[in-house]
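Colleague: Could you walk me through this model, starting with a few side chains and then going on to the helices and loops?

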Amino acid sequence: MFTNAKNTDTPYPTDTPMMPPMGSSLAPQAATLIARGVKVEGEFKSQGDVVIEGDVQGTINTVGTLTVGSEAHIKADVTADEAIISGTVDGNLTIKKQAVLHASARIKGDLTAERITVESGAALEGKVQVGSPSIQASVKPRSEDVKSTPEPSPVKAVSVETEK
Amino acid sequence: MNRLYAFLYDDFLSAPSYQKILANIETRCSILGIQGRVSRLAIFRSARELVENLVMDGAQTVVVVGNDKTLQKIMWFLPDLPVTVGYIPVAEPFGIASLLGIPPGEAACDILAARRVETLDIGKVDKRYFLTEVLIQDTKASVRVDKQFNISAKHAGTISIRNLGSIAMNGGAMANAKDGWLELAVEPILPTERKSRFSFLKSLKRGEETLLKLKEGIIESTEPVDLLIDGHPINGFKFNLGVIPNKLKIITGRNKRLDSSSDGALPEAPSHGIVSATQGHLHRVASWWSKQRMYF
């Protein structure tokens, strides 16, 4: 009859649900995210994909795909399997497979990749070396430092300077 | 009385409102044959001394009766003692109990009697152990990760180093307490411009969490920072972080959520990797409410 009466036997709420399982219906995406507003300084290594939307200074080394967001600022030499760049990179990029530069990409440094795709509007100040990576596996020195040294003989070398 | 079991009651349980539930728990433990000596924590009594005396008297299982705060009161020294930990939550908060799969009240006695013992990693800040997490709020401190790089929030933000679950940052990504790693989460505060007639006001918004794994680290700051280690406040400029794998034996329930097989836990770290893959995108959805908090 009086079913609204509170049960005071237990000092804790008995109808309190246990902590809900997190993300049970969501498939996890294995990518290391450096979010906007986060700053990383030093030698950053990863065994998987990396998404950078914040600031990074130093070196970036990943065996997966590097995605640089449009608001990201990278001042680092980069080595990656693949790269999708929409932000600002100040440093040399050594990409094993494909590099994709979106319209908002701003790169100041040398780019070495097996294949590149450049969207209209992307800015690139430095040397571009495209072809099968016979390779230059280590990070190359910056273009201004290399002027006095003899040029390597790439499969296909192009020097590009574009501005929007 | 089973001398192998010792029960440690928190101070707040002496309130009359808890007498009935305690009586029920004691009866249930008696039926299950796991009743033991009862000691009570008190303000002017050393918890460490109390537990060490129980161990010297032959206790092999110390059962904490209270809430998460009771567990945290003794966790800073307990891993050094040769005991298995049991936990009977009788009051909120009991988020840790939830992670361990232990229901509140006398139902926890059955979990205790079933004695499903798990060995968990334990985190360490300088010389102090922690089970769940270290929290630094609204800080510009940086964390040096595995002697490789420093990570910090650009303007300011919350840094948490998690060993088990995500207690303080409700909705944060879960940590795996059995993988030999700590999970580092950096949640920056982002300045945003408001588009209204009061647009001269600038607001601050919580950004996404950056999640990394680490085995050792150093928290550093030029200004003094306030750390909450398992809820216990500590202040300083520099702290060493570490993780000790398989250090703590604890009795858990069937529905525990301790490792990567649990929903929401971070994926396993590669054995040879410095930084592991994380699930930042998952967290974008999972902690949406925490990102909506506005600061003026």
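Colleague: Is B:F77 buried or exposed?

Modeller: B:F77 counts as buried because its relative accessibility is 1%, where buried means under 20% relative accessible area, exposed means over 50% and partly exposed lies in between, with a 1.4 Å probe and protein chains only. Before we go on, please note that this is a predicted model, in which local features need pLDDT of at least 70 and side-chain atom pairs count only at pLDDT 80 or more, while totals for chains, interfaces and linings use all residues. Residues are numbered from 1 along each chain as its sequence is written, chains are lettered from A and ligands numbered from 1 in the order in which they are written, and side-chain values use heavy atoms, with hydrogens and water left out.

Colleague: And how many aromatic pairs are there over all chains?

Modeller: A search of the whole structure gives 3 aromatic pairs. One of them joins B:W76 and B:F77 edge-to-face, with 5.0 Å from centre to centre and 80 degrees between the planes. For a pair, the ring centres of Phe, Tyr or Trp (its six-membered ring) must lie within 6.5 Å, and planes under 30 degrees apart count as stacked, over 60 as edge-to-face and the rest as tilted.

Colleague: Why does B:W76 count as partly exposed?

Modeller: B:W76 has 30% relative accessibility, so it counts as partly exposed.

Colleague: Different topic: which buried residues does α1(B) have?

Modeller: They are B:I21, B:L22, B:I25 and B:C29. These residues cover an arc of only 100 degrees around the axis, which puts them on the same side of α1(B); the arc is that of the directions from the helix axis to the C-beta atoms. An α-helix has 3.6 residues a turn, so residues three or four places apart point the same way.

Colleague: What covers them?

Modeller: The cover for the buried residues of α1(B) includes β1 (5–9), β3 (61–66), β4 (84–89) and α5 (107–114) of chain B. Helices (H or I, at least four residues) and strands (E, at least two) are DSSP runs, numbered from the N terminus.

Colleague: What span should helix α1 have?

Modeller: Helix α1 of chain B has 14 residues (residues 19–32), so at 1.5 Å a residue it should span 20 Å, and its end C-alpha atoms are 20 Å apart, which agrees. The expected span is 1.5 Å times one less than the number of residues. After α1(B) comes B:G33, whose phi is positive, near 75 degrees.

Colleague: Which residues that are not glycine have a positive phi?

Modeller: Among them are B:R115, with a phi of about 55 degrees, and B:D230, with a phi of about 50 degrees. B:R115 sits in the loop between α5 and β5 (116–125) of chain B and counts as partly exposed at 34% relative accessibility. B:D230 sits in the loop between β14 (216–229) and β15 (232–252) of chain B and counts as buried at 5% relative accessibility.

Colleague: Where is the cis peptide bond with B:P93?

Modeller: That bond joins B:E92 and B:P93, with omega about 0 degrees, and B:P93 is found in the loop between β4 and α4 of chain B.

Colleague: Where does B:S98 lie?

Modeller: B:S98 lies in helix α4 (residues 95–100) of chain B and counts as buried at 5% relative accessibility. The C-alpha atoms of B:S98 and B:G253 are separated by 9.1 Å, although these residues are 155 residues apart along the chain.

Notes
Contact means heavy atoms within 4.5 Å.
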